[in-house]
Amino acid sequence: MKEYRRRIGHLPVSRLRAAHLLGIHNEKRALTIIGRMKEELGWLTNVRMASQEEDQQGIDIVCDTTDGIQLYVQVKSSTAGLRKYLHTYKKGFYGIIPVITIKVHLWRSDESIMEELKEQLTQLREILSTLGMEYWKRSQADLFELQKISLKLKEGQMDPVGAQKLLTAIQATSSKESWLKDVCMTPFFESATETVIRLTGDQTSLYLVCLKSTKAIREMGEILFDNIHRSHILTIIVPPKIDDAFVYRLFRNRLTPAYERAITTKNPF
């Protein structure tokens, strides 16, 4: 095993030990940054490092709130580490817990980390305190289901070029849709290309999967048949020409009705 030398004393440190020490440093750094946010976030009452038992559940930091809700944070030092954690998490190894993930590394500023943490913690706390834990679980399950579906479909059936064109067209007209708060491409770590558009409203998100053929749509339909997640996932073959009229019809006939159905779907848990 390769060894690294400390600057002071030049004591040998294994690669594994060096990574462990770096991880602890980054966790403590995130803890300090969240602690500085307590005054600004009046609902944040306490923040601490996870216990040994909580650590085994995939938690690094525990945040207590005035609502009596606990928000959990997982800190990773690299993109590879974050991907590995998410891959394990979505398999249900830890269960579905209200955890957010943050990448903390030496060359990232405290201000950047603070802004991302603030946004994620605020959003998660709002969902849990207004819509409840079961809604949050359902949203996570929807995302995991969509990721599994993307793996079952052959890469050649997906349409990344069409997805990007459609995303641009939707972004250009998104201000006209009252329920739509954000639209973006959803990264699936297992997939080589991004072909899924996520449309987020006040209460839930829809996923628009861009495919190349009706055969691919039928295959996805079979996967989603009689499944609660079908109310959140729509499929589309992107036409050669995408204009304002097409986007308008897409919202009127498919996206808006699907969003209204999704927010009234009964809890599957």
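Arginine 48 has a relative accessible area of 29% and is therefore partly exposed. In this predicted model, the side chain of arginine 48 meets that of glutamate 54 in a salt bridge, with 2.9 Å from N to O. Glutamate 54, in contrast to a partly exposed residue, is buried, since its relative accessible area of 13% falls under 20%.

**Overall composition**

The protein contains eight helices and ten strands. Of its 269 residues, 44% are buried. The exposed area of the protein is about 15000 Å², and carbon and sulfur atoms supply 52% of that area. Among contacts between residues at least 6 apart in sequence, 59% join residues that are at least 24 apart.

**Helix H1**

Helix H1 runs over residues 15-36 and has 22 residues; at 1.5 Å a residue it should span 32 Å, and its end C-alpha atoms are indeed 32 Å apart, which agrees. Which residues of H1 are buried? They are Gly23, Asn26, Glu27, Arg29, Ala30, Ile33 and Ile34. These residues lie on the same side of H1, because they cover an arc of only 165° around the axis. An α-helix has 3.6 residues a turn, so residues three or four places apart point the same way. The cover over the buried residues of H1 includes strand S3 (44-49), strand S4 (61-65), strand S5 (70-76) and helix H4 (110-130).

**Salt bridges**

A search of the whole structure finds nine salt bridges. Three of them are listed here, each with the N to O distance.

| Basic residue | Acidic residue | N to O distance |
|---|---|---|
| Arginine 29 | Aspartate 110 | 2.8 Å |
| Arginine 48 | Glutamate 54 | 2.9 Å |
| Arginine 125 | Aspartate 67 | 2.7 Å |

The closest N and O atoms of aspartate 110 and arginine 29 are 2.8 Å apart. Aspartate 110 belongs to helix H4 and arginine 29 to helix H1, so this pair ties together parts that are 81 residues apart in sequence. Arginine 29 counts as buried because its relative accessibility is 15%, while aspartate 110, at 27%, counts as partly exposed.

A salt bridge also forms between the side chains of arginine 125 and aspartate 67, at 2.7 Å from N to O. Arginine 125 lies in helix H4 and aspartate 67 in the loop between S4 and S5; the pair therefore ties together parts 58 residues apart in sequence. Aspartate 67 has a relative accessibility of 36% and so counts as partly exposed. Salt bridges with shared partners join Arg29, Arg36 and Asp110 into one network.

**Surface and interior**

Leu22, Leu106 and Trp107 make a nonpolar surface patch of about 390 Å². Tryptophan 107 is located in the loop between strand S6 (99-103) and H4. Is tryptophan 107 buried or exposed? With a relative accessible area of 71%, which is over 50%, tryptophan 107 is exposed.

Threonine 101 is placed in strand S6. Its relative accessible area is 17%, so threonine 101 is buried. Which residues does threonine 101 touch, not counting those up to four places away in sequence? Its contacts are Gln74, Leu82, Tyr85, Leu86, Glu116 and Gln120.

Notes: Residues are numbered from 1 along each chain as its sequence is written. This is a predicted model: local features need pLDDT of at least 70, side-chain atom pairs count only at pLDDT 80 or more; totals for chains, interfaces and linings use all residues. Side-chain values use heavy atoms; hydrogens and water are left out. Helices (H or I, at least four residues) and strands (E, at least two) are DSSP runs, numbered from the N terminus. The expected span of a helix is 1.5 Å times one less than its number of residues. Buried means under 20% relative accessible area, exposed over 50%, partly exposed in between (1.4 Å probe, protein chains only). The arc is that of the directions from the helix axis to the C-beta atoms. Contact means heavy atoms within 4.5 Å. Patches are made of residues with over 30% relative accessible area and no salt bridge: like charges are joined within 9 Å, nonpolar side chains (Val, Leu, Ile, Met, Phe, Trp, Tyr) within 5 Å. Accessible areas come from the Shrake-Rupley method with a 1.4 Å probe; for residues, only the protein chains shown count as cover. A salt bridge is a side-chain nitrogen of Lys or Arg within 4 Å of a carboxyl oxygen of Asp or Glu.
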